Amino acid sequence: KPGWVGDFFLDNLSEIETLKTSSAKAVLLSKINVDGKDIRFVLSFGMGRYMINKDAIEERFGLITALNTITTKCIRTIEKNNIAALSKLSREQMSKDSEISEFGIDIEQDLVRAVTGKAKLSGFGTIVSGADSFCLTVERDISNILEFLAKCYEQYQKKDYQEEFGWIDQIEEIKKPTLIKRLDDLLLQRLNNRELNNIWMAAPEMLDWSDVKGFKYLVRQEDFSDDISLERFLEDRKAEVWTDIAQIKNKYVRVYSASTDGELNRWSVHKCIYGEIHDENKLFVINNGKWYQINNDFVSKVNEYYESIPLSDIVLPDYNHKSEGEYNKHVKDNDDSFLCLDANNISYGGGHSKIEFCDLLSSDCQILHLKKYGGSSVLSHLFFQGIVSGELFVTDPEFRKNLNKKLIKQWKLTRPEAKPDISKYEIIYGIISSVDEDRPHIPFFSKVSLKNAKRRLEGFGYSVKLKKITAITQN
């Protein structure tokens with residue numbers, strides 16, 4: 001029989017025959033009363049956690065309780081999810097007790113899911129961990145567990161964590177099935193009513209646009225769409241009314257190859273939908289198939305910052321090309337003030353590390369990174385590319401020397417070994433979009449990524465601006 005049968009339950013379960021196998025699982029429901037309110041706890045034994053209804057769980061109970069219980073300078077493990085990337089879940093463990101700052105957390109882009117550290121309070125053992133559940137090792141059994149659960153609930157109720165970890169309340173991933181269903185139903189209602197304000201579609205992954213023939217939403221669809229469009233998806237389904245999100249999850253967007261005419265990839269329509277929905281004075285965002293709740297103050301700060309980013313007045317032609325590479329070449333061929341460096345990768349740091357410095361470089365020291373509009377992960381790649389190349393240009397003489405070999409005429413660096421005067425350089429993020437707006441309409445998480453990129457680049461001395469390049473849609 002499992003050890004917990006005797007260690008925790010003492011002699012109370014000795015007569016139960018089914019508990020005489022090591023794989024037995026169980027849950028214990030316990031109740032405490034706090035200020036006249038019944039608080040119910042569930043303790044799992046063996047694999048008992050899989051018996052628990054997820055809708056009954058208080059999300060982040062363990063995380064908040066742990067943060068209120070651990071010593072802030074004695075953290076050992078952090079599990080986080082970078083919301084700016086595509087499913088970038090990571091777990092970092094330090095070899096010794098560390099402060100939160102040593103984990104390199106980006107407080108605007110990293111969603112902390114779990115934490116482990118040393119307890120600062122007596123009665124909670126040595127090490128505590130928290131995610132949705134609260135985990136620790138203490139000497140407790142069925143005779144005195146209620147007193148201890150009351151202490152755990154007291155820790156959960158505290159706001160101490162906000163002094164050091166207040167930023168974790170900015171974004172919360174939704175995991176309760178009932179809330180997810182409610183949000184999915186609201187999304188379906190908006191789609192059925194064709195209320196598409198702040199709802200659109202985008203490719204959830206990076207694409208080699210030079211080999212994209214087009215997109216289809218129906219297998220029998222004869223013509224191709226040159227980009228993913230929610231309006232076009234709905235156009236072919238005028239009579240359809242959806243009552244279950246599974247109906248959207250089971251429909252696909254297919255992308256076809258220009259070189260082979262075959263299917264390159266397919267994604268669930270649900271995974272391609274990006275939406276921002278307000279419900280009960282709260283903002284919820286669907287991104288890559290997952291729902292998040294965003295703190296209203298954080299939303300305001302990010303949107304205000306995004307609106308404050310200056311728009312570049314650089315003159316660029318409309319995009320009416322098969323690929324970004326073809327467009328960049330077209331710009332260079334028709335304007336002598338531009339040098340095309342697209343796909344002209346530069347080696348750096350030894351080994352096989354290579355990076356593209358930029359797509360276009362103007363004679364006025366304007367460094368342009370261009371990308372056809374896509375979902376959060378696509379734009380995050382664009383913004384990160386600007387950070388990496390911008391940092392290397394400032395800090396790495398070898399990178400500048402290798403870059404200089406690819407520069408010609410007026411673009412040549414006079415002294416590549418010397419740090420350049422970065423105040424003369426301007427980084428422009430160009431987003432190719434068919435939407436009729438001067439300021440590109442991008443997902444909330446993309447705004448967060450851009451805010452982070454702009455802040456870092458300005459720290460090096462660059463000026464950072466935004467540019468919308470008009471894409472000519474082809475029917």
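Here, a residue is called buried when its relative accessible area is under 20%. Keep that in mind for the close-ups below, which all come from a predicted model.

**View 1. Helix 2 is mostly covered.**
This helix runs over residues 61-69, and nine of its nine residues are buried. Going along it, you meet Phe61, Gly62, Leu63, Ile64 and Thr65, then Ala66, Leu67, Asn68 and Thr69, buried in each case.

**View 2. The largest nonpolar core has 52 residues.**
Look for Ile294, Phe357, Phe393, Tyr429, Phe444 and Tyr462, the members that touch the most others in this core. Several elements each supply at least two residues to this core, including strand 14 (282-287), strand 15 (290-294), helix 9 (296-308) and helix 13 (444-460). Helix 11 gives the most, with eight residues. In general, nonpolar side chains of soluble globular proteins tend to be buried together.

**View 3. Here is Tyr429 with its contacts.**
Setting aside neighbours within four places in sequence, Tyr429 is in contact with His369, Leu382, Phe383, Gly386, Ile387 and Leu450, among others. The list also includes Ala453, Leu457, Val464, Lys465, Leu466 and Lys467. Apart from the core that Tyr429 belongs to, there is another one of 41 residues, with Leu43, Val112, Val115 and Trp167 among them.

**View 4. His270 sits in helix 8.**
Helix 8 covers residues 269-272. His270 has 5% relative accessibility, so it counts as buried. Not counting residues up to four places away in sequence, His270 touches Asp184, Ile245, Ile248, Lys249, Ile286 and Gly289. Cys272 counts as buried too, because its relative accessibility is 3%.

**View 5. Cys358 has no bonding partner, because the closest cysteine sulfur is too far away.**
A disulfide is a covalent bond between the sulfur atoms of two cysteines. To count as one, the two sulfurs must lie within 2.5 Å. The closest cysteine sulfur to that of Cys358 belongs to Cys340, and at 8.5 Å it is too far for a bond. Cys358 itself is buried, with a relative accessible area of 0%. A search of the whole structure turns up zero disulfides.

**View 6. A nonpolar patch shows at the surface.**
Val27, Leu29, Val42 and Met51 make this patch, which comes to about 360 Å². Leu29 is part of strand 1, which spans residues 26-34. With a relative accessible area of 69%, Leu29 is exposed.

Conventions:
Residues are numbered from 1 along each chain as its sequence is written. This is a predicted model: local features need pLDDT of at least 70, side-chain atom pairs count only at pLDDT 80 or more; totals for chains, interfaces and linings use all residues. Side-chain values use heavy atoms; hydrogens and water are left out. Buried means under 20% relative accessible area, exposed over 50%, partly exposed in between (1.4 Å probe, protein chains only). Helices (H or I, at least four residues) and strands (E, at least two) are DSSP runs, numbered from the N terminus. Contact means heavy atoms within 4.5 Å. Patches are made of residues with over 30% relative accessible area and no salt bridge: like charges are joined within 9 Å, nonpolar side chains (Val, Leu, Ile, Met, Phe, Trp, Tyr) within 5 Å. Accessible areas come from the Shrake-Rupley method with a 1.4 Å probe; for residues, only the protein chains shown count as cover. A salt bridge is a side-chain nitrogen of Lys or Arg within 4 Å of a carboxyl oxygen of Asp or Glu. A nonpolar core is a set of buried Ala, Val, Leu, Ile, Met, Phe, Trp, Tyr and Cys residues joined through side-chain atoms within 4.5 Å.
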